[in-house]
Amino acid sequence: MKRALTGIKPTGNVHVGNWLGMIDPALALADEYEAFYFIADYHAMTTVRDPAKLRKFTLETTATWLALGLNTDRAALFRQSDVPEVCELAWILSCQIPTGVLERGHAVKSAKDGGLDVNVGTWYYPVLMSADILLYDSDIVPVGRDQKQHVEVARDLAVKMNHHFGEGTLAVPTVSIKDSVATIPGLDGKKMSKSYGNEIPLWLPPKKLRKLLMKIVTDSTPVEEPKNPDGDTVFELYKLLASAEDTAALRGRYLSGGFGHGHFKQDLFEALDALLAGPREEYQRWVDEPDSVKQVLQRGSERAREVAAATVDRVRSRTGLT
Ligand code: AMP
């Protein structure tokens, strides 16, 4: 069976951009691929320096996958650091990559944009991410557009390794980006991101969610005038959540005039809340049962380690480490 792999950093609240951009497409792929989905706690260490927070975010991020319906009887859901083989593969890969590729890395740019320091971990991110992907002989990697460049680095590294050490040393992965959700906008209309502080957390209680959605930046067209739905953050988010019929109806109200942005934000709140009400309860149930979450991760890491050990053995033998 072909394999799908993706990861998410436990660095804070999982947000609507993570959900629509990656988690939801990845859940769909988990039906036809053998899924390896992980909580990227090694990656999170580039910014999270509080152990209690790292544990909390790891629990919450795992609970998010479970609440949104990942079937862990079929998919391996695991913590990146439970498979330390990834660090060995990262080292081996790092010997094949010119430093310039890392200088141009998206993670470095995004850290700089967010005013964060660029430590060696941030710089090394594409190598560790390549190891994440290549360790599991992944065929397909569902991600948001911001990760495209990293998956391309992984592809190049697999091709290079196969060139030096023989075909079949590492599987060459393919990126999977769903165009309609490749870049979900945040409260200010820029890409939604924890590092930009413009995110809509998935698991806010309804009242807080509504209040936050009211803060989405819109233009100042007066209530009575027609408004342009295209490019408007509220509409862009709404159309990803609502049926074609409801989306057409909302478009009509933008164009007709007589409705304010507050009305549209209320529609967005209702659409989002309707989808999240059930999962929100599930999420809370998992968060309140950390031992059950740990068991899921334990099971996932056992499966992941089997595959990882086989890959590392193969790479060691091909490269002359054994
Ligand atoms: P991260 O929070 O950086 O670990 O991202 C986890 C996944 O969510 C990655 O596949 C990202 O590409 C995806 N993602 C994050 N933010 C967005 C966004 N605003 N739009 C689409 N995908 C996103």
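Tutor: The radius of gyration is taken over C-alpha atoms; the globule rule is 2.2 Å times the number of residues to the power 0.38. This is a predicted model: local features need pLDDT of at least 70, side-chain atom pairs count only at pLDDT 80 or more, and totals for chains, interfaces and linings use all residues. Residues are numbered from 1 along each chain as its sequence is written, and side-chain values use heavy atoms, without hydrogens and water.

Student: What radius of gyration does the chain have, set against a compact globule?

Tutor: The chain has 322 residues, so a compact globule would come out near 20 Å. The C-alpha trace spans about 75 × 45 × 40 Å along its principal axes. The chain agrees with the globule figure, at 21 Å.

Student: How many helices and strands does the chain have?

Tutor: Both are DSSP runs, numbered from the N terminus: helices are H or I with at least four residues, strands are E with at least two. The counts are 13 helices and 5 strands.

Student: What share of the contacts with a separation of 6 or more comes from residues 24 or more positions apart?

Tutor: Contact means heavy atoms within 4.5 Å. Take the contacts in the chain with a separation of 6 or more. Residues 24 or more positions apart account for 76%.

Student: What percentage of the residues of the chain count as buried?

Tutor: Buried means under 20% relative accessible area, exposed over 50%, partly exposed in between (1.4 Å probe, protein chains only). The chain exposes about 14,800 Å², with 52% supplied by carbon and sulfur atoms; this is a Shrake-Rupley area with a 1.4 Å probe. Of the 322 residues, the buried share is 51%.

Student: What covers the buried residues of α10?

Tutor: Helix α10 runs over residues 233-241. Its buried residues are Thr 233, Val 234, Phe 235, Leu 237, Tyr 238 and Leu 241. The cover includes α1 (16-29), α11 (244-256) and α12 (261-287).

Student: Is Thr 233 buried or exposed?

Tutor: Thr 233 sits in helix α10. Beyond its neighbours within four places in sequence, Thr 233 is in contact with Pro 185, Gly 186, Gly 189, Ile 216 and Val 217. Its relative accessibility is 7%, so Thr 233 counts as buried.

Student: With which residues is Thr 62 in contact, leaving aside its neighbours within four places in sequence?

Tutor: Thr 62 belongs to helix α3 (residues 51-67). At 0% relative accessibility, Thr 62 is buried. Its contacts outside those neighbours are Ile 39, Leu 77, Val 293 and Leu 297.

Student: How far apart are the mean positions of the positive and negative charges?

Tutor: Lys and Arg count as positive, Asp and Glu as negative; His and the chain ends are not counted. The chain has 39 positive and 43 negative charges. Their mean positions lie apart by 4 Å.

Student: Which residue forms a salt bridge with Glu 34?

Tutor: A salt bridge is a side-chain nitrogen of Lys or Arg within 4 Å of a carboxyl oxygen of Asp or Glu. The structure holds 20 of them. For Glu 34, the closest N and O atoms are 2.8 Å apart. The partner is Arg 303.

Student: Why does this pair tie together parts of the chain?

Tutor: Glu 34 lies in strand β2 (residues 34-39), and is buried at 16% relative accessible area. Arg 303 is partly exposed at 28%. Arg 303 lies in helix α13 (residues 290-319), so the parts tied together are apart in sequence by 269 residues.

Student: Which residues are linked with Glu 34 and Arg 303 in a network of salt bridges?

Tutor: The Glu 34 and Arg 303 pair is part of a network. The other members are Arg 3 and Glu 306.

Student: Which residue forms a salt bridge with Asp 137?

Tutor: Asp 137 is buried, at 19% relative accessible area. Its partner is partly exposed, at 24%. The closest N and O atoms are 2.9 Å apart, and the partner is Arg 314.

Student: How many residues apart are Glu 152 and Lys 148 in helix α8?

Tutor: Glu 152 and Lys 148 form a salt bridge, with closest N and O atoms 3.3 Å apart. Glu 152 is partly exposed at 37%, and Lys 148 is partly exposed at 35%. In helix α8 (residues 148-165) their separation is about one helical turn, or 4 residues.

Student: What distance separates the C-alpha atoms of Gly 115 and Lys 211?

Tutor: Gly 115 is in the loop between α6 (106-113) and α7. Gly 115 is exposed, at 64% relative accessible area. Gly 115 and Lys 211 are 96 residues apart along the chain, and their C-alpha atoms are separated by 27 Å.

Terms used
Charge placed at Lys NZ, Arg CZ, Asp CG, Glu CD.
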